[in-house]
Amino acid sequence: MRMGEFSRRTGVSQRLLRYYEEQGLLAPPRLPSGYREYSEADVATVRGIRMLLAAGLGTATIAELLPCMTDDGVSLAPACSGMLPDLNRERERLDAAVADLLAARDALDDIIAATESTGIADPEACAAIGAVQQSADIGAARRSSRSARSSGFSASAGS
């Protein structure tokens, strides 16, 4: 089947199919006219590529794994235990990414909780409060600086 029909059958855009070919994930034979000719086996391969991409694997890893996969009629399945180190490495990478995302979500939850407790919903009011707080912080810093200078001055004057 040609690329247009193959794209419709797999639900993958023609541009993405060409990308898969560039990455070595697909290798459809070419007709004398230069057109690509896809087979039913290629449909299963694309289904497997999509499954592995959805699992979080990159195309370089998928290119390494595809030769060790077989079509079980539903999806591509591992054919050899030699894939386990690569699959475990990818799982560890995903676990780390999930942990990072959960930490980011926890930080965002803390910010949301702190924001809700102010009871101020108007962004302009928040900006005004921020400006007042910044001005108060600057004033406090100046007073503290003056106080430190005057206490230093009176200490030397008293000697």
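Is Arg 89 buried, partly exposed or exposed, and what is its relative accessibility? In this predicted model, the relative accessibility of Arg 89 is 39%, and because buried means under 20% and exposed over 50%, the residue counts as partly exposed. The setting of this residue is best described after the overall arrangement of the protein.

The protein contains six helices and two strands, and these elements follow one another along the sequence in the pattern α-α-α-α-β-β-α-α. Of its 159 residues, 21% count as buried. Helix H5 covers residues 84–118, and its length could be compared with that expected for its number of residues: at 1.5 Å a residue, the 35 residues of H5 should span 51 Å, and the C-alpha atoms at its two ends are indeed 51 Å apart, so the two values agree. Beyond the end of H5 comes Gly 119, a residue whose phi is positive, near 75 degrees.

Side chains of opposite charge can pair when their charged atoms come close. The count of salt bridges in the model comes to six, and among them are contacts made by residues of helix H5. Asp 86 forms a salt bridge with Arg 89, with the closest N and O atoms 2.8 Å apart; both residues lie in H5 and are separated by three residues in the sequence, about one turn of the helix. Arg 89 also takes part in a salt bridge with Glu 90, where the closest N and O atoms are 3.6 Å apart. Glu 90 in turn meets the side chain of Arg 93 in a salt bridge with an N to O distance of 2.9 Å, and this pair likewise lies in H5 with a spacing of three residues, about one turn of the helix. Taken together, Asp 86, Arg 89, Glu 90 and Arg 93 are linked in a network of salt bridges. The members of this network are covered to varying degrees: Glu 90, at 7% relative accessibility, counts as buried because the cut-off for that class is under 20%, whereas Arg 93, with a relative accessible area of 40%, is partly exposed.

Elsewhere on the surface, Leu 108, Ile 111 and Ile 112 make a nonpolar patch of about 270 Å². Ile 112, one of these residues, lies in helix H5 and is partly exposed, with a relative accessible area of 38%.

Contacts that involve aromatic rings were also examined. The count of aromatic pairs comes to one. In this pair, the ring centres of Phe 6 and Tyr 38 are 4.0 Å apart and the ring planes lie at 0 degrees, so the arrangement is classed as stacked. The pair links distant parts of the chain, since Phe 6 belongs to helix H1 (residues 3–10) while Tyr 38 is found in the loop between helix H2 (14–22) and helix H3 (40–54), with the two positions 32 residues apart in the numbering. Both Phe 6 and Tyr 38 are buried. A further contact with a ring is made by Arg 2, which lies over the face of Tyr 35 at 4.5 Å from the ring centre.

How values were computed: Residues numbered from 1 in each chain as written. Predicted model: local features only at pLDDT ≥ 70, side-chain atom pairs only at ≥ 80, totals over all residues. Heavy atoms only, no water. Salt bridge = Lys/Arg side-chain N within 4 Å of Asp/Glu carboxyl O. Helix = DSSP H or I, 4+ residues; strand = E, 2+ residues; numbered from the N terminus. Buried < 20%, exposed > 50% of the residue type's maximum accessible area, 1.4 Å probe, protein only. Patch = residues over 30% accessible without salt bridge, like charges linked within 9 Å, V, L, I, M, F, W, Y side chains within 5 Å. Areas by Shrake-Rupley, 256 points an atom, 1.4 Å probe, with all protein chains shown as cover. Expected span 1.5 Å × (residues − 1). Phe/Tyr/Trp six-rings, centres within 6.5 Å; stacked < 30°, edge-to-face > 60°. Lys NZ or Arg CZ within 6 Å of the ring centre and 35° of its normal.
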